[in-house]
Amino acid sequence: MRTADLELAARCRAGDADAFEELYRLHARRLYSLAVRMIGSADEAEDVLQEVFLQAHRKLAGFRGESTLGTWLYRLTMNHCLDHLRGRQAKISRATASLDEDGAAEPVAPAPVVPSAISRMDLERAIELLPAGSKAAFLLHDVEGFEHREIAEILGISEGTSKSQVHKARMKLRVLLSR
Amino acid sequence: MIRALRPLVAALAFITIALPAAAQNEVTERFSKTSHLDQDGTFDLTNVYGTIVLTGGTGRDVTIEAVKRVQRPNANAARALLRMIDIQVVEGTNRIEVRTVVPRPRNFPGSVDYTVTLPADARVTVRTVSGNIRATNINGELLKSVSGDIEIIDGSADDVVTASTVSGNIAVRGLKGRTTQLTTVTGNVRVDDLQADRLAIRAVNGNIEYAGDLSRSGRYEFVTHSGDIRLMLSGTTGFEVQGNSLSGTVRSDFPITRRSAPGAEGGGGGVTPRGLRGSFGDASAMLVLRAFSGNISVSRR
Amino acid sequence: MSCERYDDLIDDYVDGTRAADRPGDARLAAFESHLAGCARCQALVADFTSIREAASALDEHVPPTRLWAQIAGALEEKPRAFSVWIPLAVAASLALVLAGSAWLALRQSPTGDAAQQVTATPDETSVPPAEAQYEQAIAGLQQLADERNAVLDPATRAVLQRNLAAIDRAIDESRAALADEPSSAVAQDSLLDALDTKVALLQDTVALAAEDVNQ
């Protein structure tokens, strides 16, 4: 896997336009999906994706294969998404801040509250309301399927933090999705 | 033996009075000093007004000739002012620092013209406010003027050469450098037969002209806002070029082939009215040419 | 309730980790036997599992097809990343000027770390200062220049002012072009070039004025 990555990176660095398009085709959809869900806006997600690939093109010279190209791109994407979110107005964070408090106080009912078949719309809407940190970990873990070790690398946090963030996200979603 | 640092004042003084047609009295005073520098010594000159001419030679001697000049209707006043212009020479370990010191206020009708000869390998730094700098066969590091032209002829630099003026032209001919940076705000830059690995030229209101060969794997970046960029290339070095003008025209005598780009319709020439993109020959040198409202042309010399 | 102490294990369990796979893990085994008889934890596991399954089944959002064309287009306009310019050490120069070592500041700009730069290969990952950083440096330097340039002689001051105005014109023209065509890399580069030149000129102005004061 690493050799293929290093080869592709080398070809991109050498100015091989086809190689860079290959890189795009391999990763754009997942990165775009991640960006849409992190930021909550398709337009801004487009901007992020463009920024990410232009930045990737510049920084490929420094790619040494310590992570996979995918992880590396996810990291760039997450950083851009978090930057975009930080620049946003407080409206969303106010909503999620109250969720934080609710989550802490919520007693856990002794029966399942979430429908066993959750509609996609409901889930997407609920994810949008998560605070940035737990949203990031949740998207990478439950939606993208990364392991905590990989999430730690992408987000620059510890594995333990990754686990607790995913836990927080699931707890909040449970509240948001309960019938 | 280590030379102690101590300021020295003029060794010789000739005071002459000239009476030009107008009612100004010009008084001048000569200053002369010899010294020497070992291999890779440093020569650092700071002036206020006046021209500076430096010539590099094979010997180890350094000769500093200067003419102080003051103009005043009253000859006595002129002489008094002349005495207030101080030329300080400080000699350190393989290092000579020369400074023109004038009292405040700065609006001082006096100047010092310097003529210096020194070893060709000495690292030279010159800073002046108003006046031209002409350097022949030296190892220049920094030549800086606010108002004044800078001329570099021949010479061999083993480090970065920077020539910078705010209002003035820069002309470089026959220099052998590694990294060369030339900047002016208002003025033209002309380069002939420069050998460099990296050449960066920037002008705001002024033209940039480059005539000569390109170094293999050389990197050239020419940027101007309202002037033209003209390259007149000789030799056989191929190059990759990125040339853009926002509102000027772009043309090339050389056939430029565009690199294969995804989604590009039909390959063909890499020359459009506003842009030059692609490569010629073995694409070993790299050219970045940027004009805002001026024209860009790449032609054969 | 003693359930909370197992909360950190619920997620692992939901993710498929079983005590049988981890023979040495006493806590996990304890949790599984607790789970068998606890409605609260079973509810959490059930809900988390529903969420996890629904999340993994979410469709991808598909980027619009024009996005690649946009990226490819933007790449075409960018030269192979290299910088011939020895980066203007904006912050460093400002610090030196403030420390009062005027000619030293002049010495540092623009040759800066010349000795290192000459032998180093161009840093292809370095990003030039962004517009915001330039604006910041300009504001600081302009203030210094305004405070100090009265000591410069009128002729020199006039030359500096005239040329500063010329650079400001270039900045305005670049900004106008950028406003017309926000995606134009040429306009963006022109703006950054002009800002860079302005910083250099202001540094020189401040250094010259400080030099005067020191006499």
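Reader: Which side chains meet in a salt bridge at 3.0 Å, N to O?

Author: In this predicted model, the side chains of B:Asp193 and B:Arg301 meet in a salt bridge at 3.0 Å, N to O.

Reader: Where do B:Asp193 and B:Arg301 lie in chain B?

Author: B:Asp193 is in the loop between β16 (189–192) and β17 (198–205) of chain B, and B:Arg301 is in the segment after β26 (296–300), so the pair ties together parts that are 108 residues apart in sequence.

Reader: And B:Asp193, is that residue buried or partly exposed?

Author: B:Asp193 counts as partly exposed, at 40% relative accessibility. Both B:Asp193 and B:Arg301 also belong to a network of salt bridges that share partners, which further takes in B:Arg190, B:Asp192, B:Glu209, B:Asp228 and B:Arg230.

Reader: How many salt bridges are there over all chains?

Author: The search of the whole structure finds 46 over all chains. One of them is between the side chains of B:Glu26 and B:Arg69, at 3.5 Å from N to O. This pair links distant parts of the chain, with B:Glu26 in strand β2 (residues 25–36), B:Arg69 in strand β5 (residues 61–72), and their positions 43 residues apart.

Reader: Why does B:Glu26 count as buried, and what about B:Arg69?

Author: B:Glu26 counts as buried because its relative accessibility is 16%, and the cut-off for buried is under 20%. B:Arg69 has a relative accessible area of 27% and is therefore partly exposed.

Reader: What is the N to O distance for B:Arg95 and B:Glu97?

Author: The side chains of B:Arg95 and B:Glu97 meet in a salt bridge at 2.9 Å. B:Arg95 is partly exposed at 26% relative accessibility, and B:Glu97 is partly exposed at 27%.

Reader: Turning to the contact of chain C with chain A, how many residues does each chain give?

Author: Chain C gives 36 residues and chain A gives 47 residues. Together the two chains bury about 3,800 Å², of which 64% is on carbon and sulfur atoms. On the side of chain C, the residues that lose the most area to chain A are C:Leu58, C:His61 and C:Trp68, together 18% of what that side buries.

Reader: How many salt bridges and polar contacts are there between chain C and chain A?

Author: The interface has 7 salt bridges, and 13 residue pairs are in polar contact. Among the salt bridges is the one that C:Asp59 forms with A:Arg120, where the closest N and O atoms are 3.7 Å apart.

Reader: Which helix of chain C supplies the largest share of the side that touches chain A?

Author: That is α3(C), with 13 residues. Helices α1 (7–14), α3 (39–56) and α4 (66–77) of chain C each supply at least two residues of that side. By class, the side has 20 nonpolar, 5 polar and 11 charged residues.

Reader: How many helices and strands does chain C have?

Author: Chain C has 10 helices and 0 strands. Of its 215 residues, 46% are buried.

Reader: Now to aromatics: how many pairs are there over all chains?

Author: The count is 13 aromatic pairs over all chains. A:Tyr74 and A:Phe146 have ring centres 4.7 Å apart and planes at 80°, so that pair is edge-to-face. A:Tyr74 lies in helix α4 (residues 69–86) of chain A and A:Phe146 in the loop between α7 (132–143) and α8 (148–155), 72 residues apart. A:Tyr74 is buried, at 3% relative accessible area, and A:Phe146 is buried too, at 11%.

Reader: What is the geometry of B:Phe239 and B:Phe280?

Author: B:Phe239 and B:Phe280 form a tilted pair, 5.4 Å centre to centre with 40° between the planes. B:Phe239 is in strand β21 (residues 239–245) and B:Phe280 in strand β24 (residues 275–280) of chain B. B:Phe239 is buried at 1% relative accessible area, and B:Phe280 counts as buried at 17%.

Reader: Which residues do ring pairs link into a cluster with C:Trp68?

Author: Ring pairs link C:Trp68 with A:Phe20, A:Tyr24 and A:Phe53.

Reader: Finally, where is B:Val166, and is it buried or exposed?

Author: B:Val166 is in strand β13 (residues 160–167) of chain B, and this valine is buried, with a relative accessible area of 4%. Beyond its neighbours within four places in sequence, its contacts include B:Ser145, B:Thr184, C:Leu160 and C:Leu201.

Notes. Residues are numbered from 1 along each chain as its sequence is written. Chains are lettered from A and ligands numbered from 1 in the order in which they are written. This is a predicted model: local features need pLDDT of at least 70, side-chain atom pairs count only at pLDDT 80 or more; totals for chains, interfaces and linings use all residues. Side-chain values use heavy atoms; hydrogens and water are left out. Contact means heavy atoms within 4.5 Å. Buried area is the accessible area (1.4 Å probe) that two parts lose on being put together, summed over both. A salt bridge is a side-chain nitrogen of Lys or Arg within 4 Å of a carboxyl oxygen of Asp or Glu. A polar contact is a pair of N or O atoms within 3.5 Å; within protein, one must be able to donate a hydrogen and the other to accept it, and residues adjacent in sequence count only if both atoms are side-chain atoms. Helices (H or I, at least four residues) and strands (E, at least two) are DSSP runs, numbered from the N terminus. Ala, Val, Leu, Ile, Met, Phe, Trp, Tyr, Cys and Pro count as nonpolar, Asp, Glu, Lys and Arg as charged, and the others, Gly among them, as polar. Buried means under 20% relative accessible area, exposed over 50%, partly exposed in between (1.4 Å probe, protein chains only). Rings of Phe, Tyr and Trp (its six-membered ring) pair if their centres lie within 6.5 Å; planes under 30 degrees apart count as stacked, over 60 as edge-to-face and the rest as tilted.
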